[in-house]
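Please open the model in your viewer and keep the selection panel within reach. The tour below goes from one selection to the next and says what can be found at each stop.

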Amino acid sequence: MNRRKFIKNSCTACLSATALTAVLSSCTSTRYISGTLGKDGLTVDANEFITKQNGKTTYRSFIIVRNETLQYPICVYRFNDKEYSALWMRCTHQGTELQASGDYLHCTAHGSEFNNKGTVKNGPADRNLRNFPVTVSNNQLFIDLRAI
Ligand code: FES
C-alpha cells in the first residue's frame with residue numbers, strides 16, 4: 001500500500017468511527033416516554049429528565065413523548081425546573097415528523113430547522129411549531145393539549 005492510499009484509508013476509517021460514535025451517542029441519550037394522557041392533556045414526571053453520568057445527577061435537555069393516541073410526538077425541552085417547552089413534532093412546511101437533535105428540531109424532507117422554543121431558524125417552513133402550554137406542580141408537568 002502506498003502512502004497516499006494509506007492516508008486515504010486511515011482518514012475514511014477515522015471519519016466513519018467518529019460519525020458512528022455521534023450517531024450512537026445521540027440514539028442512546030434520547031429518552032422516549034408515553035406520559036399519562038388525561039382529558040385535557042398529558043402528564044409527565046419531571047424526573048424523566050434526570051440522568052446519571054459518572055455517578056452525578058444531570059438533566060437531559062429534552063425528552064420525547066410518543067403516545068399512540070397522538071398523531072405526532074411532542075418534544076419537551078427543559079430549561080430549568082420551572083421552565084419547559086412542549087413542541088408538536090410536525091413540520092409546518094408539509095407535515096413531516098421532525099427529528100430532535102440537541103437544541104434543534106430538523107425536518108428530513110426539505111431541511112427546515114426549528115429551535116427549542118419552536119421558532120423557525122431555516123426554511124422552507126415559514127411558521128413556528130405548535131407550542132403547548134406547560135405548567136409544573138409537585139414535580140409533574142402538565143402539557144395542555146386542548147389547542148390541538
Ligand atoms: S416538510 Fe419539513 S421542510 Fe418540507
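With which side chain does the side chain of Asn 139 make a polar contact? Select Asn 139 together with Asn 47 in this predicted model, and the side chains of the two residues are seen to make that polar contact, at 3.0 Å. Asn 139 sits in the loop between strand S14 (134-137) and strand S15 (140-144), and because its relative accessibility is 39%, Asn 139 counts as partly exposed. Extend the selection to Val 44, Asp 45 and Ala 46, which Asn 139 touches along with Asn 47 when residues up to four places away in sequence are not counted. From C-alpha to C-alpha, Asn 139 and Ala 46 are 5.4 Å apart in space, although 93 residues separate them in sequence.

Zoom out next to the whole chain, which has one helix and 15 strands, and in which 32% of the 148 residues count as buried.

For the interior, select Ile 74, Val 76 and Ile 143, which touch the most other members among the 18 residues of the largest nonpolar core. At least two residues of this core come from each of strand S3 (41-45), strand S6 (62-65), strand S7 (74-78), strand S8 (84-88) and S15, with S8 giving the most, three residues. Showing the surroundings of Val 76 brings up its contacts beyond four places in sequence, including Phe 49, Tyr 84, Leu 141 and Ile 143. Apart from this core lies another, of 13 residues, among them Phe 62, Leu 87, Cys 107 and Phe 114.

The aromatic rings come next, with four aromatic pairs in the structure. Select Phe 49 and Tyr 84, whose ring centres are 5.4 Å apart and whose planes meet at 50°, so the pair is tilted. This pair links distant parts of the chain, since Phe 49 is in the loop between S3 and strand S4 (50-53) and Tyr 84 is in strand S8, 35 residues apart; both Phe 49 and Tyr 84 are buried. Move on to Trp 88 and Phe 132, where the centres are 5.8 Å apart and the planes stand at 90°, so this pair is edge-to-face. Trp 88 belongs to strand S8 and Phe 132 to strand S13 (residues 131-132), so the pair ties together parts 44 residues apart in sequence. Adding Tyr 72 to Trp 88 and Phe 132 completes one aromatic cluster.

Finally, select Arg 78 and Tyr 59, where Arg 78 lies over the face of the ring, 3.8 Å from the ring centre. In Lys 117 and Phe 79, the charged end of the lysine sits over the ring of Phe 79, 4.4 Å from its centre.

How values were computed. Residues numbered from 1 in each chain as written. Predicted model: local features only at pLDDT ≥ 70, side-chain atom pairs only at ≥ 80, totals over all residues. Heavy atoms only, no water. Helix = DSSP H or I, 4+ residues; strand = E, 2+ residues; numbered from the N terminus. Buried < 20%, exposed > 50% of the residue type's maximum accessible area, 1.4 Å probe, protein only. Contact = heavy atoms within 4.5 Å. Polar contact = N/O pair within 3.5 Å; in protein donor to acceptor, adjacent residues only side chain to side chain. Core = buried A, V, L, I, M, F, W, Y, C linked by side-chain atoms within 4.5 Å. Phe/Tyr/Trp six-rings, centres within 6.5 Å; stacked < 30°, edge-to-face > 60°. Lys NZ or Arg CZ within 6 Å of the ring centre and 35° of its normal.
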